[in-house]
Amino acid sequence: MVTRRILLLSNSTLHNGKYLEWAKSEILDFLGRKNVKRILFVPYASSKHDDYTNTVKNALEPWGFQVEGVHAVPDPVRAVENAESIFVGGGNTFLLLKSLYENGLIPAIQKQVLENGMPYIGSSAGTNVATTSINTTNDMPIVYPPSFDALKLVPFNINPHYIDPDVNSTHMGETREKRISEYHEIEGSPPVLGLREGSLLFLEGEEVVLKGYHKARLFVRGKEPVEYNVGSDLSFLLSSK
């Protein structure tokens, strides 16, 4: 039985930190368990593919990894099929998903991760597209993908960069919690995990564990939100509706 292995980061950079530095130990452990040396990077959440890929190379190659941008290969689907691991970076979620559809990578990534056990790392938008849909992204719809349906590597949604309401603020706009509650007005909408910056989810097989520095806030349609501490077992999310 093939075991899926997924690492979903809320964000790539913490305040006053370097790119991916806050999650370095988790990334090294995650990829090291499978002796991964090569990472296929997906820069589609930005329009500056080369610059974005170089940023990732500068961060990960000193850690012992070889990084290649999927945009720079002649056949992106074959590149995914032959990849040791894949890292989907953050940026604009709508642009990312549209590009994944246009390059035929949705089924290719699904098969490699869910059937062949290829390690998947997502950050921010890359975390959004790993879930059921991108309906709970924070990004503006700067382009229109064929569908809001995402990779469905997990059967729930995530809200990366989740921010708690500021009780002292006079801002009258909607809070993140209010927006998620509006999403849950839709019949059949899945749970949404509010993943604060500096937090991540580790998935292996049927196990889901919250890691990082902060609690996560879970929203389930028709129920009150619940806070989960770092180290919590969230495996029930793989079967919850």
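Helix 7 contributes more residues than any other element to the lining of the second largest pocket, namely three. The model is a predicted one, in which local features need pLDDT of at least 70 and side-chain atom pairs count only at pLDDT 80 or more, while totals for chains, interfaces and linings use all residues. Residues are numbered from 1 along each chain as its sequence is written, and side-chain values use heavy atoms, with hydrogens and water left out. Helices (H or I, at least four residues) and strands (E, at least two) are DSSP runs numbered from the N terminus.

The second largest pocket holds about 160 Å³ of space. Here a pocket is an open set of points on a 1 Å grid over the protein atoms alone, where a 1.4 Å probe fits, with protein on both sides within 12 Å along at least five of seven lines; lining residues have an atom within 4 Å of a point. The volume is the space filled by probe spheres set on the points. Its lining includes E177, I180, S181 and H184, along with F219, V220 and R221. By class, four of the lining residues are nonpolar, three polar and three charged; Ala, Val, Leu, Ile, Met, Phe, Trp, Tyr, Cys and Pro count as nonpolar, Asp, Glu, Lys and Arg as charged, and the others, Gly among them, as polar.

Helix 7 (residues 176-183) is also the main contributor to the largest pocket, giving five residues to its lining. That pocket encloses about 490 Å³. Of its 19 lining residues, N138, E174, T175, R176 and R179 are the closest to the centre. Its lining comprises four nonpolar, nine polar and six charged residues.

Turning to helix 4, seven of its 10 residues are buried (under 20% relative accessible area, 1.4 Å probe, protein chains only). These are T93, F94, L95, L96, L97, S99 and L100, and they pack against strand 2 (38-42), strand 4, helix 5 (105-115) and helix 6 (125-128). At the N-terminal end of helix 4, N92 acts as a cap, with a side-chain oxygen 3.0 Å from the backbone nitrogen of F94. Just after the helix, G104 adopts a positive phi of about 70°.

The loop between strand 4 (86-88) and helix 4 (93-102) contains G91. This glycine counts as partly exposed (from 20% to 50%) because its relative accessibility is 37%. Leaving aside residues up to four places away in sequence, G91 is in contact (heavy atoms within 4.5 Å) with A45, A125 and D139. The C-alpha atoms of G91 and D139 lie 8.4 Å apart, although 48 residues separate the two along the chain.

Conventions:
A polar contact is a pair of N or O atoms within 3.5 Å; within protein, one must be able to donate a hydrogen and the other to accept it, and residues adjacent in sequence count only if both atoms are side-chain atoms.
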